[in-house]
Amino acid sequence: MHRNSPRTDIDEAALEVSAPKQQAAGVTAVAVALKRSVEEMGVVRTARTLTRLNQVHGFDCPGCAWPEPSGHRRPAEFCENGAKAVAEEATLRTVDPEFFAAHSIAELEHKSGYWLGQQGRITHPMVLRPGDTHYRPITWDDAYRLVADALRSLGSPDEAVFYTSGRTANETAFLYQALVRAYGTNNLPDCSNMCHESSGTALSRAIGIGKGSVSIDDFPKADLIIVAGQNPGTNHPRMLSALGEAKKAGATVVAVNPLPEAGLLAFRDPQTPRGLVTGIDIADDFLQIRLGGDMALFRGLARLLFEAEDRAPGTVIDRDFVERHTAGFAEYERQARAADLTLVERATGLTRAQLERTAHRLATSRGTIICWAMGLTQQAHGVATIEEATNLLLLRGMIGKPGAGVCPVRGHSNVQGDRTMGIWEKMPEPFLAALDRELGITSPRAHGFDTVAAIRAMRDGRAKVFMAMGGNFAAASPDTEVTEAALRSCELTVQVSTKLNRSHVVHGRTALILPTLGRTDLDVQGGERQQVSVEDSMSMVHLSTGRLRPVGTELRSEVAIVCELAAELFGPEHPVPWSDFRHDYDRIRDAIARVVPGCADYNAKVRSRNGFQLPHPPRDAREFRTGTGKANFGVHDLVWLPVPEGRLILQSLRSHDQYNTTIYGLDDRYRGVRNARRVVLVHPDDIAELGLEPDQLVDLVSEFTDGVERRVIAFRVVPYPTPRGNAAAYYPETNPLVPLDHVAAESNTPVSKAVVIRIEPHVHAGAPS
């Protein structure tokens, strides 16, 4: 079926504002999910799709990476935003050659990302050559030849950049990194660089592995769950079910966040009678922390834990765990005891009573889980902050026991699996050696570019070819003006995509769009239906099987695209059996089993009902593969963010109607913002103090020491219960405010949660840009 019905673009003047919600999900979430699904897919396709979403023999949600339950799965094992993600991918709307013939690049460039995404699935490979005004069809063979010729023409393989999105499956990720390394570079930036790189950096140093240590089964066993810098109600709503189960089992939940997010206040589970009527309160305490104050919070809590130990020796600090399994305790203790609680109160905006209450909960908990997301990772001191949080768990012996541990909640559905499969610019030597032995190639050892370094290289002319396996690099990256100029400076940009996005209209001298199958699509290779595998936030690996007939015959799987490009690039004598891999994904998994640690017998284990869990030495055996052979306490100078006079500190965030850069709609229901996106949420007292008015049209200007003025225009002021001195606005609209060099120490993650801005009345004519 072919259906085109382009939607109108955003009318920011249509903004409606109401009071924020105090609870999440419920009947409204069900109604919205079904309405959006039927609009995009029709009734029959909706039924066929949603009943298989996150089921054992179905397909994995293309949205978040929250794990499925290990036991019984409910008939509707998905959330509102999961349904939106599926509808977005399985839509019957199409973007075909006639669409591109009717819409020039100049026209598309002025459309919003929302409008571009709503046009539908891309059906044919398309090319934009120098001097062209429109994309034109190209055959697959010619497309591969164009890419291969461009790569062979470079002075060095390091002049090419190969980006990866988190929705890429394990099989594709493994082959993609193999192609890139066989070609001769480690330039493998990915979306992890922009989200949880701080988590991996901190945890690798602290416990020897950059992944979380808990499973879904730990939640109902926990006494205390701290959810910091995270909004589950929008970003991973199925987490609310796990928190609800923990609450029923007696757990205490403490929310740490600048904004009072509805999902952390109360959850109405639409699949239970109680959820339909009253719901369940989630947070027992809401610590409304100031932006940048999390490190001070964890440091202050540590001091209070040591003081509690002094009052009752042997009851708070797990001395046996500390002595047997940790290093650096003495220096950390000296630093924690010296923490200034008055400064902690100032940095966090919290009261002494709130700090003491939280410390008491930590001191008496038999099992503590600390969860976090980008609210912690996208701070300049994000790595140190996560180490401070981990320190609290080490003090109490909360690693390697049921109902306790670290829980970085990944956003994208397989971003963790991509890293496991080798998508990293600095994979360790044992992995590269095993890859070389298995495939008969010689991988380079010099570290490659991460996302920020890749943008710098393109900007400076040191990288000339950019290829993206999924994602929307132009809209996801910081410093939009610099990023877009960097992409435009390339000789060739290649986007492997399902839907139209900003990265297709911000292009190199020559540009290719290669349409690929999505997670929901039936994938037949060599006459057989193929399955792919993914890894969730808790190291569970399981199969995903698409069932829907693709919207066009020209779509190819990501695996096929990688293998066919490799065959063109390397020729028939290459040692890697690209053709065998393309036709039989079991062959890929057999290779993975021999290369990737923890993946032995991959094909058998991944076919079990719940898949299999990758090994995690700290969780499994309290084994810490660090330089000291133990878990390491992190010691750092305390950093926080004072608010300059007459300024605010801005954080960027998602609307409830978006997932990363994909905008599903214009309804941020829980925050009471409808029909528009260019809004800035500010405390009413700050609005008055800055001489502004609610609903006033303003510009946001970021201030950094480089002296460059970065401005986004025509935002509406919305009064909101933020902490004083803080503000919030949606990305990617605010990405232009984040300098390319404003990155987290050590992880190089762009810092989107700490942008000093001034707000000026909008006086410029013209449309927002």
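Which residue lies over the face of W115? That's K111, at 4.7 Å from the ring centre. The close-ups below, all taken from a predicted model, start there and then move on to other spots.

**Close-up 1. K111 and the rings around W115.** Here you're looking at K111 over the face of W115. W115 has ring company too: ring pairs link F99, F100, W115 and Y135 into a cluster. If you search the whole structure, you'll find 17 aromatic pairs.

**Close-up 2. W140 and Y144 pair up within one helix.** These two rings make a tilted aromatic pair, with 5.6 Å from centre to centre and 35° between the planes. Both residues belong to helix α6, which covers residues 140-152. They're four residues apart there, about one turn of the helix. Neither side of the pair is out in the open: W140 and Y144 are both buried.

**Close-up 3. F306 and Y332 bridge two helices.** This is another tilted aromatic pair, at 6.3 Å centre to centre and with 55° between the planes. F306 sits in helix α13 (residues 294-311) and Y332 in helix α15 (residues 329-337), so the pair ties together parts that are 26 residues apart in sequence. Both F306 and Y332 are buried.

**Close-up 4. R654 sits over Y659.** Now for a charge over a ring: the charged end of R654 is placed over the ring of Y659. The distance to the ring centre is 4.3 Å.

**Close-up 5. N186, a buried loop residue.** Look for N186 in the loop between α7 (170-183) and α8 (197-207). With a relative accessible area of 3%, which falls under the 20% cut-off, N186 counts as buried. Its side chain makes a polar contact with the side chain of R181, at 2.6 Å. The N186 side chain also reaches the backbone oxygen of P444, at 2.9 Å. Leaving aside residues up to four places away in sequence, N186 touches D158, R181, E425, P444, R445, A446, H447, G448 and F449.

**Close-up 6. The second largest pocket.** This pocket has a volume of about 1,000 Å³. It's lined by 33 residues, and the ones closest to its centre are G208, I209, G210, K211 and P428. Three elements give two or more residues to the lining: α8, α20 (415-420) and α21 (429-439). Which of the elements gives the most to this lining? It's α8, with four residues.

How values were computed: Residues numbered from 1 in each chain as written. Predicted model: local features only at pLDDT ≥ 70, side-chain atom pairs only at ≥ 80, totals over all residues. Heavy atoms only, no water. Phe/Tyr/Trp six-rings, centres within 6.5 Å; stacked < 30°, edge-to-face > 60°. Buried < 20%, exposed > 50% of the residue type's maximum accessible area, 1.4 Å probe, protein only. Lys NZ or Arg CZ within 6 Å of the ring centre and 35° of its normal. Polar contact = N/O pair within 3.5 Å; in protein donor to acceptor, adjacent residues only side chain to side chain. Contact = heavy atoms within 4.5 Å. 1 Å grid on protein atoms, 1.4 Å probe; cavity = no way out; pocket = protein on both sides within 12 Å on 5 of 7 lines; lining within 4 Å. Points joined across faces, edges and corners; volume = space filled by probe spheres on them.
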